[in-house]
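Here is a set of exercises to work through at your own pace. Try each task by yourself, then read the solution step by step.

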Amino acid sequence: MLTPQLHQSPPASPALVPLSKPSSQGNGGIATFPVQSTPALQKSPRSAGVGLASSTIEAVARPSTIERFTSIKAVVTVKPSTGGFFSELGISGGLDKITDLMGKTLLLELVSAELDPKTGQEKGTIQGYAYKNGQNEEEVKYECQFEVGEEFGEVGAIFVENEHHKEMYLKDIILEGFAGGPLSISCNSWVQSKYDSPQKRVFFTNKCYLPAETPSGLRRLREEELVILRGNGQGERKSHERIYDYDVYNDLGNPDSDADKKRPVLGGKEFPYPRRCRTGRPRTKTDPESESRTVTIYVPRDEQFSTIKELTFSAKTVYSVVHALLPSLETAIVDTNLGFPFFTAIDELFNEGINLPPLQKQGFLKDLFPRLIKTVTDATKDILRFETPDTMNRDRFFWFSDEEFARQTLAGINPYAIEAVTEWPLMSELDPKVYGPPESAITTEIVEREIKGFMTLDEAIKQKKLFMLDYHDLFLPYVNKVRQLQGTTLYGSRTLFFLTPEETLKPLVIELTRPPTDDGKPQWKQVFTPTCHATSMWLWRLAKAHVLAHDSGYHTTSSSATGNKISRSIMLRTHCATEPYIIATNRQLSEMHPIHKLLHPHFRYTMEINALARGYLINGDGIIETTFSPGKYSMELSAVAYDKLWQFDLQGLPNDLISRGLAVKDQTAPHGLKLAIEDYPFANDGLLLWDAIKEWVANYVNHYYPDPSRIASDKELQSWWTEIRTVGHGDKKDSPGWPDLKTPSDLIHIVTTMVWVASGHHAAVNFGQYTYGGYFPNRPTIARTKMPVEDPTEEELSMFWDKPEVALLTCFPSQIQATKVMAILDVLSNHSPDEEYLGQDPEPAWKVEPAINAAFESFHGRLKELEGVIDARNSDQRFKNRSGAGVMPYELLKPFSEPGVTGKGVPYSISI
Ligand SMILES: [Fe+2]
């Protein structure tokens, strides 16, 4: 075994260069640093040490005292990498690259946690070179021996300098030989080659400290590391950098390629929006407001974990779908407007499949999409054959029934939209001069006729029996704009439901509204009811398709409603709202801050998947714009929803339910809430999960803040919360809903909300997308044609009368739209084999603190219990919204899952 020379440097003058401790080595200039064979551990008196005070070669004699030394072995675990996510696509594994690392080293420097009591200055570091000492399939080990004198005290951090020419992914460093047992330093970070990035990297031990409690020897390093992570806001970011900074969404359009591809800036006064990560790319030539687009988008290096994840890692799969599968679909389906001629043609997607032109890198793609791409053994073609969604397997006609339409508002993939009707008559808040009369066409008589004698409308409202999906005021201002686009249309819509004595919802009426048009037509609005007459039933089905398209568009990009209603969606409420929390956490909370350690697993992979979404999903002409009703206005609508409706305090589940009128506070009820709909599967399971998260967060916060006053005096924590409110979500800094951060209870609420959004909320709206959207008649993303009764032409009317089925199929997505969305939904609903589920494994830092480890074990236990509770609920026939003939059980909040499209499993973070 090769052992480096042991070396302890004397204290030197105070360091001025960021992140370098006084050391004998300067910048690597080493006078006497022989690589020698064993004996590894020499108990050498301190007087034997000779070091360098600076990079000049000058021996410094040390005081002649006898000091006891302890032999310490450092074992560094390195994960092999092939050098980046995008370059890895289609390239075989990484271990072949390891040979590059042979003979090269890592320079390690131990940093004392305490200042020198005599001088009051930082102690010198102890340096050593770590050499490769073994490898297996998964990792490479480097080892180094140190002799640590007793005066050195506790090790608080370690510097690493990568002597190789390539970056390395350090998993951890274990220091063995201390009397108290091994000391762990979790790195999980890329260390750049010293030739690319001369600054030494510092890693702190896994122990957490509030800023004021930072050991004296680490205070400077703690602050300087944060300065580095914040950057200076200048220049274009390079892919190896670790800088976290803010910018607006000004990279969605591509104005240089086509004026029509210019998109408004999201973020700012006109379209308020959360901030995204700054990349510093140059502005476009034709629009100084827009940032130019690049194939790969900068995210801080440690947010790109994909090279060490499995090949099926979600981001890679999304990338491959966009770059290989969808183009090949476009080749197979040339006519972009072509709809499905019959319902049976939709079924063929699951049976015969679509012939695709031979795909490049076939093996690679087939490995990525074993569910989708089938090989035909005796032909050269590939077949894209979709898996039959679970909903269809249970009930072939599930999508057709009104009961199922209503049930999915409580147990489907957008359970966040339903709200109680509290005021009557329904009125628009929009300007009547622009949008026409504000009164809804849904009258008391219509509702009472549909309730069929159960009760009066007044009673229904008082008893909280009347519920609504409200996509009226959000969409109406966009109707005329969207109707200018080819192949799509839009209405404002309201859908009312009645809660039956069996706790199921019955759809009563849909109202569709078009505002006055630019060419002088007055406002048009009409109500549709599911009456027993062929014509009205077909109109009802068409109206439902429009509402479902509104719900899909809203669910995916933004959210709706007015008044006390809140914004809800996947992109806005989970992905985009979380990115500023991640940026602020890295900029303001040191890695040794306990709240950084608590939140870190909930932020993994989110910035990378968000960058990918900006690249290919939500960009101009991207997947969302080409397949959803609002077309190029999709993200603009998301910004309108953020502006009007998003509030931090309403992102927590209890407040969300209360704000929608779905719950009231009641200390005698479970979770302190009485639900308006007792069998509301999302709320029932969600509240159990919310409580489990809250208990875990409370245990954690109370452990680190036993004295409540430490919250207000925690400078990092206060800067973090200020930055989130005034910078990351700065467009809403003066809006209501920002809690104070003065007490542990405030912090528990804030952190629980962030954790819930990243875990339970995202899982509830994400992992059922293929199950419910895979058969698109159940959730069309777009309604392409207006209702046949709105200003009808002869041709439209006669087609509707002669072939209403064709009218419905024409309204549904085109073939290319439907298949693109199905492929994307399949990938987005997928758990990778190495998915990290909430509460499954603790962070290394949690394990080293016995009280935190015990709290985590308790959290883990509660989540395991939740699995059983959910199973029991799903098999209880009393709960008709999750149990019954052909009904999908509600499993979206079951914490754990197998890999694949399972419709369950709650990961720690938003990683897809
Ligand atoms: Fe997502």
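The exercises below deal with a predicted model.

**Exercise 1. The iron site**

Task: Find which protein atoms are the donors of the iron ion, and where the two histidines lie along the chain.

Solution:
- Step 1. Start at the metal: the protein donors are NE2 of His575, NE2 of His762 and the O atom of Ile912, lying 2.1 to 2.2 Å from the iron ion.
- Step 2. Write the donors in chain order, and you get the spacing H-x186-H-x149-I.
- Step 3. Place the histidines: His575 belongs to helix 13 (residues 571–588) and His762 to helix 22 (residues 744–766). The two are 187 residues apart, so this pair links distant parts of the chain.
- Step 4. Are these histidines buried or exposed? A residue is buried when its relative accessible area is under 20%. His575 has 4%, so His575 counts as buried. His762 has 1%, so His762 is buried as well.

**Exercise 2. Salt bridges across the chain**

Task: Take the salt bridges of Glu330, Arg396 and Arg514, and work out which partner each has and how far apart the partners are along the chain.

Solution:
- Step 1. Get an overview: the whole structure holds 49 salt bridges.
- Step 2. Look at Glu330, which meets Lys820 in a salt bridge with an N to O distance of 2.9 Å. Glu330 sits in helix 3 (residues 314–332) and Lys820 in helix 26 (residues 815–828), 490 residues apart. Glu330 is partly exposed at 41% relative accessible area, while Lys820 is buried at 11%.
- Step 3. Turn to Arg396, whose partner is Asp347, with the closest N and O atoms 2.4 Å apart. Arg396 is in the loop between helix 6 (390–394) and helix 7 (402–411), Asp347 is in helix 4 (residues 343–347), and 49 residues separate the two. Arg396 is partly exposed at 31%, whereas Asp347 is buried at 14%.
- Step 4. Finish with Arg514, which forms a salt bridge with Asp791 (2.6 Å, N to O). Arg514 lies in strand 20 (residues 505–514) and Asp791 in the loop between helix 23 and helix 24, so the pair ties together parts that are 277 residues apart in sequence. Arg514 is buried, with a relative accessible area of 2%.
- Step 5. Go from pairs to a group: salt bridges with shared partners join Asp251, Arg276, Arg281, Glu291 and Arg614 into one network.

**Exercise 3. Backbone angles**

Task: Find what is notable about the backbone at Asp621, Asp791 and Pro425.

Solution:
- Step 1. Recall the usual case: most residues other than glycine have a negative phi, and most peptide bonds are trans.
- Step 2. Check Asp621: its phi is positive, near 65°. Asp621 is in the loop between helix 15 (606–617) and helix 16 (623–627), and at 44% relative accessibility it is partly exposed.
- Step 3. Check Asp791: its phi is also positive, about 40°. The loop that holds Asp791 runs between helix 23 (769–773) and helix 24 (794–802), and Asp791 is partly exposed at 34%.
- Step 4. Check Pro425: the peptide bond from Trp424 to Pro425 is cis, with omega near 0°. Pro425 is in the loop between strand 17 (419–420) and helix 8 (432–435).

**Exercise 4. A charged patch**

Task: Name the residues of the negative surface patch and the helices that supply them.

Solution:
- Step 1. The patch consists of Glu445, Glu448, Asp458 and Glu459.
- Step 2. Helix 9 (444–451) and helix 10 (457–462) each supply at least two of its residues, and Asp458 is found in helix 10.

Terms used: Residues are numbered from 1 along each chain as its sequence is written. This is a predicted model: local features need pLDDT of at least 70, side-chain atom pairs count only at pLDDT 80 or more; totals for chains, interfaces and linings use all residues. Side-chain values use heavy atoms; hydrogens and water are left out. Donors are N, O and S atoms within 2.8 Å of the metal (3.2 Å for Na, K and Ca); water is not among the atoms, so sites may look incomplete. Helices (H or I, at least four residues) and strands (E, at least two) are DSSP runs, numbered from the N terminus. Buried means under 20% relative accessible area, exposed over 50%, partly exposed in between (1.4 Å probe, protein chains only). Patches are made of residues with over 30% relative accessible area and no salt bridge: like charges are joined within 9 Å, nonpolar side chains (Val, Leu, Ile, Met, Phe, Trp, Tyr) within 5 Å. Accessible areas come from the Shrake-Rupley method with a 1.4 Å probe; for residues, only the protein chains shown count as cover. A salt bridge is a side-chain nitrogen of Lys or Arg within 4 Å of a carboxyl oxygen of Asp or Glu. Lys and Arg count as positive and Asp and Glu as negative; His and the chain ends are not counted. The place of a charge is taken as NZ of Lys, CZ of Arg, CG of Asp or CD of Glu.
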